[in-house]
Each structure stands twice: as C-alpha cells, then as structure tokens.
Amino acid sequence: MIPTITAFENSPDRGQGLARDMRVRWALEEVGQPYEVRLVSFSAMKEPAHRALHPFGQIPTYEEGDLALFESGAIVFHIAERHAGLLPKDTNARARAITWMFAALNTVEAPILDLQTAKFLEGDKPWSGERLPLVKDRIRKRLGELSHRLGDADWLDGAFSAGDLMMVHALLRLKPSGLLDEYPSLAAYVARGEARPAFKRAFAAQLAVFTGKVPTAG
Ligand code: GTB
C-alpha cells in the first residue's frame, strides 16, 4: 500500500529541506518505499479534517490504509520498523539506534528549536539580546558532547540508521546560524547525510513543490 504524507503547500524555507516532512521523505527514500504527498495550506492545517489526522494542526502526517500517524519521529520509527535498512537486526544495536532517535528529538533538537523561538518569535523583546547568547551556549554544549561521542566515526553507532537520519535533520536547521561550523566533525557528519542518494531524492522532491520541476531519478 502506498502511504500518503502531508507537507507544506507553501513552506517558509521554500523547500530547502528544513520542514519535517523532509525526514519522512528521506526515510521512505532510504527504504525504497514510494509515497504520495498531499500539500496543505496553513489554514487547511487548522481545519477539523486535518486536525483529525494531526491534533496540533501541523505537518507531517502519514496515512497508510487504516493507519494515520503524526509526529515525524513516530512516523520515521514506523517506517524503520516495517522496512529493512534503517534499524539494525541485532536487538541491542537496534535499541541503541532507537535511543539516538530519541536523543536527536529530545536532547539535541530541543535547544535548536529554542534558537528559532529566540530569533523569530522573541527577537523584538527588550530582553532578547541577553537571552540569545544563553540559548546559543546551550546548543554549543550539546554539539560539543555530540561531537565528542561521534569522534572520527561516520555515524553514531556503526552503520547509518534512523538515529542518524533524525540527528542529521535536527542539526541541519543550525546551518544558517554558523554554529554547526564551530564543530567541523558535526558539519562533516551532516554533509555525509546530505550526500546520501536517498537524502538527495527527498530534497529534490520537497524543492519541486516550489520550483514545479519534477525530480528525475538518480
Ligand atoms: N513534533 C512535530 C514533529 O516532529 O512532527 C513538530 C511538527 C511541526 O513543527 N510541524 C511544523 C508545522 O506544521 C512544520 S516543520 N508548522 C505549522 C504550524 O504549526 O502551524 C517546522 C518547520 C517549519 C518551517 C521551517 N522552515 O521554513 O525553515 C522549518 C521547520
């Protein structure tokens, strides 16, 4: 059965891979599962029909037969569980890869999201100038720790996994801030993720929503 995901009809980044449907597209590309996309406007996301799929009125969602999911982490986990290629077969290695998925979302992405809030939603507040450096330092702390753990390995725990997919995508959002470049091993880690053919196909498909150019194979 071909799943259907939802994505922004008009993403603020104009399809540069930052919206969270990108992780779902990437996971589907990694496992070779074709998918369909339903584009939704910001107003349609808040309508009852979409809220029936996503209680918080957001993207992405995932529909496959009777199953409807929301939350990019849960969707990627579902894809990784049902297809080979994103989670190791060995039980312990699998548990560790899942741990990295949670770490990406709860421990690394959380301070990164704070930076977006501090810049774009609170940038005009009188205390913003004092808060921003604190937020950036909390991110630096996590990046330092993550880079220490990664060491000179290509991926976080052996072969590329759903844990790396979630981590690379969470880190991608830091690129414009320059913070990622302060940690060359993490910048290289993200670049390795972006170089994967599945990432490139997913990126091209998301970008095509804006350019109208249908991505070609390869
Ligand atoms: N925890 C949820 C998940 O992981 O699925 C978060 C989902 C979420 O934040 N969705 C956002 C959304 O629907 C899109 S991804 N927002 C609309 C709304 O809340 O009304 C966040 C996002 C949006 C835009 C950019 N960008 O343009 O750079 C990057 C990331």
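Contact here means heavy atoms within 4.5 Å. With that in hand, here's a quick tour of this predicted model. We'll look at how α1 sits on α9, how α5 packs with α6, what lines the largest cavity and the largest pocket, and a couple of backbone oddities.

**α1 against α9**

- On the α1 side, the residues in contact are Asp 21, Met 22, Arg 25, Trp 26, Glu 29 and Glu 30. Their partners in α9 are Ala 198, Phe 199, Arg 201, Ala 202, Phe 203, Ala 205, Gln 206 and Val 209.
- Sorted by class, this contact between α1 and α9 has eight nonpolar, one polar and five charged residues.
- The two axes come within 8 Å and cross at roughly 135°, which makes α1 oblique to α9.
- As for handedness, α1 passes α9 in a right-handed crossing.

**The cavity**

- The structure holds one cavity of 30 Å³ or more, and the volume of the largest cavity is about 40 Å³.
- Its lining is made up of Ala 7, Phe 8, Ser 11, Asp 21, Arg 25, Gln 206, Val 209 and Phe 210. Some of these names will ring a bell: Asp 21 and Arg 25 in α1, and Gln 206 and Val 209 in α9, also take part in the helix contact described above.
- Three elements each put at least two residues into the lining of the largest cavity: β1 (4–8), α1 (21–31) and α9 (197–211). The top contributor is α9, with three residues.
- By class, the lining of the largest cavity splits into four nonpolar, two polar and two charged residues.

**The largest pocket**

- The largest pocket has a volume of about 1000 Å³, and 36 residues line it. Leu 18, Ala 19, Arg 20, Leu 113 and Arg 173 are the ones nearest its centre.
- Helices α2 (42–45), α4 (72–82) and α5 (91–121) each supply at least two lining residues to the largest pocket. Of the contributors, α5 gives the most, with eleven residues.
- The lining of the largest pocket breaks down into 19 nonpolar, nine polar and eight charged residues.

**α5 against α6**

- Besides lining the largest pocket, α5 packs with α6 (residues 128–150) at an angle of about 155°, the axes being 9 Å apart. Angles over 145 degrees count as roughly antiparallel, so α5 and α6 are roughly antiparallel to each other.
- Here α5 passes α6 in a left-handed crossing.
- From α5, the contact takes in Trp 100, Thr 107, Pro 111, Ile 112, Asp 114, Leu 115, Ala 118 and Lys 119. Facing them in α6 are Ser 128, Arg 131, Leu 132, Val 135, Lys 136, Arg 138, Ile 139, Arg 142, Leu 146 and Arg 149.
- The class tally for the contact of α5 with α6 is nine nonpolar, two polar and seven charged residues.

**Backbone oddities**

- Most residues other than glycine have a negative phi, and most peptide bonds are trans. Two spots in this model go the other way, as follows.
- Ile 59 and Pro 60 are joined by a cis peptide bond, with omega about 0°. You'll find Pro 60 in the loop between α3 (48–51) and β3 (61–64).
- Arg 14 isn't a glycine, yet its phi is positive, at about 55°. Arg 14 belongs to the loop between β1 and α1, and those two elements each supply at least two residues to the lining of the largest cavity.

Technical notes:
Residues are numbered from 1 along each chain as its sequence is written. This is a predicted model: local features need pLDDT of at least 70, side-chain atom pairs count only at pLDDT 80 or more; totals for chains, interfaces and linings use all residues. Side-chain values use heavy atoms; hydrogens and water are left out. On a 1 Å grid over the protein atoms alone, a cavity is a set of points where a 1.4 Å probe fits but cannot get out, and a pocket is an open set with protein on both sides within 12 Å along at least five of seven lines; lining residues have an atom within 4 Å of a point. Grid points are joined across faces, edges and corners, and a volume is the space filled by probe spheres set on the points. Helices (H or I, at least four residues) and strands (E, at least two) are DSSP runs, numbered from the N terminus. Ala, Val, Leu, Ile, Met, Phe, Trp, Tyr, Cys and Pro count as nonpolar, Asp, Glu, Lys and Arg as charged, and the others, Gly among them, as polar. Axes are lines fitted to C-alpha atoms, for helices over the stretch in contact, and angles run from 0 to 180 degrees between N-to-C directions. Angles under 35 degrees count as roughly parallel, over 145 as roughly antiparallel, 65 to 115 as roughly perpendicular and the rest as oblique. A crossing is left-handed if the near helix is turned anticlockwise from the far one by less than a right angle, and right-handed if clockwise.
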